[in-house]
Amino acid sequence: LYSKACYYGLAAAAIGLMTVLVFKNMLENPLVVVVMLAGAILGFVGEFCEFMGHASVLKEASEEMSEKWKTLWKWYIGMIAAAVGCIIFILIDTILGTMFTLAVTVAMLVVSIMKLVYLYETAEIFQRISDRNGIE
């Protein structure tokens, strides 16, 4: 899963770069939306592969940590859905939409920090296994 995450992430980055370099007047070209949506989907699939990769490698070592990764993925999906909701909210009511966007931004920051914490905890789990088995 990690290699898939890498490939999807690279493809999403390449599409993002291509969008900036190729489309000079981004707001005037409807194709930009399609290309950016494709890049976003590839990035989303890459994130899925990364989260599930972490959960998969931890399944034998720590079921609890594996489940934490799966739960964090659900939170990540929720934040993506909320971000899309922000766009709709802003179109309906600018002030409420802006406040909702601020709240979602803070929540996304929390999810990102949790991802870093879980990565650290994952590394600690494998370090303990390595130490126990005498592997350097």
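**Entry 1: what H2 packs against**

I started with the buried side of helix H2: its buried residues pack against helix H1 (2–22), helix H3 (63–92) and helix H4 (94–132). Helices here are DSSP runs of H or I, at least four residues long, numbered from the N terminus. For packing I count a contact when heavy atoms lie within 4.5 Å. Buried is under 20% relative accessible area, exposed is over 50%, and partly exposed is in between, with a 1.4 Å probe and protein chains only.

Note to self: this is a predicted model, where local features need pLDDT of at least 70 and side-chain atom pairs count only at pLDDT 80 or more, while totals for chains, interfaces and linings use all residues. Residues are numbered from 1 along each chain as its sequence is written, and side-chain values use heavy atoms, with hydrogens and water left out.

Which residues of H2 are buried? I listed Val-32, Val-35, Gly-39, Gly-46, Cys-49, Glu-50, Phe-51, Met-52, Gly-53, His-54, Ala-55 and Leu-58.

I also checked the length of H2 (residues 31–58). The expected span is 1.5 Å times one less than the number of residues. For the 28 residues of H2 that gives 40 Å, and the end C-alpha atoms are 41 Å apart, which agrees.

**Entry 2: aromatic pairs**

I found 9 aromatic pairs in the structure. The rule takes rings of Phe, Tyr and Trp (its six-membered ring) with centres within 6.5 Å; planes under 30 degrees apart are stacked, over 60 edge-to-face, and the rest tilted.

Phe-44 and Tyr-76 have ring centres 6.4 Å apart and planes at 20 degrees, so I logged the pair as stacked. Phe-44 sits in helix H2 and Tyr-76 in helix H3, so this pair ties together parts 32 residues apart in sequence. Buried or exposed? Phe-44 is partly exposed at 30% relative accessibility, and Tyr-76 is buried at 16%.

Next I looked at Phe-48 and Trp-73, an edge-to-face pair at 5.3 Å centre to centre with 65 degrees between the planes. This pair also links distant parts of the chain, Phe-48 in helix H2 and Trp-73 in helix H3, 25 residues apart. Phe-48 is partly exposed at 35%, while Trp-73 is buried at 7%.

Ring pairs join Phe-44, Phe-48, Phe-51, Trp-69, Trp-73, Tyr-76 and Tyr-118 into a cluster.

**Entry 3: the core around Phe-51**

I pulled up the largest nonpolar core next. A core is a set of buried Ala, Val, Leu, Ile, Met, Phe, Trp, Tyr and Cys residues joined through side-chain atoms within 4.5 Å. This one has 13 residues, and Phe-51, Met-65, Trp-69 and Leu-72 have the most contacts inside it. H2, H3 and H4 each give two or more residues to this core. H3 supplies the largest share, 6 residues.

Leaving out residues up to four places away in sequence, Phe-51 touches Trp-69, Leu-72, Trp-73, Tyr-76 and Lys-115.

**Entry 4: Lys-115**

That last contact sent me to Lys-115, which is in helix H4. Lys-115 is buried, with a relative accessible area of 17%. What does its side chain have a polar contact with? I found Glu-50, at 3.2 Å. (A polar contact is a pair of N or O atoms within 3.5 Å; within protein, one must be able to donate a hydrogen and the other to accept it, and residues adjacent in sequence count only if both atoms are side-chain atoms.) With residues up to four places away in sequence not counted, Lys-115 touches Glu-47, Glu-50, Phe-51, Trp-69 and Leu-72.

**Entry 5: the rest of H4**

H4 has 39 residues and runs 57 Å from first C-alpha to last, close to the 57 Å expected. Its buried residues include Val-104, Val-111, Tyr-118 and Ile-125, and the buried residues of H4 pack against H2 and H3. At the start of H4, a side-chain oxygen of Asp-93 comes to within 3.3 Å of the backbone nitrogen of Ile-95. Just after H4, I noted a positive phi of about 70 degrees at Gly-134.

Ser-130, also in H4, is buried at 15%.

**Entry 6: cysteines**

How many disulfides? I count 0, taking a disulfide as two cysteine sulfur atoms within 2.5 Å. The closest cysteine sulfur to that of Cys-49 is in Cys-6, 11 Å away and too far for a bond. Cys-49 is buried at 5% relative accessibility, and Cys-86 is buried with a relative accessible area of 5%.
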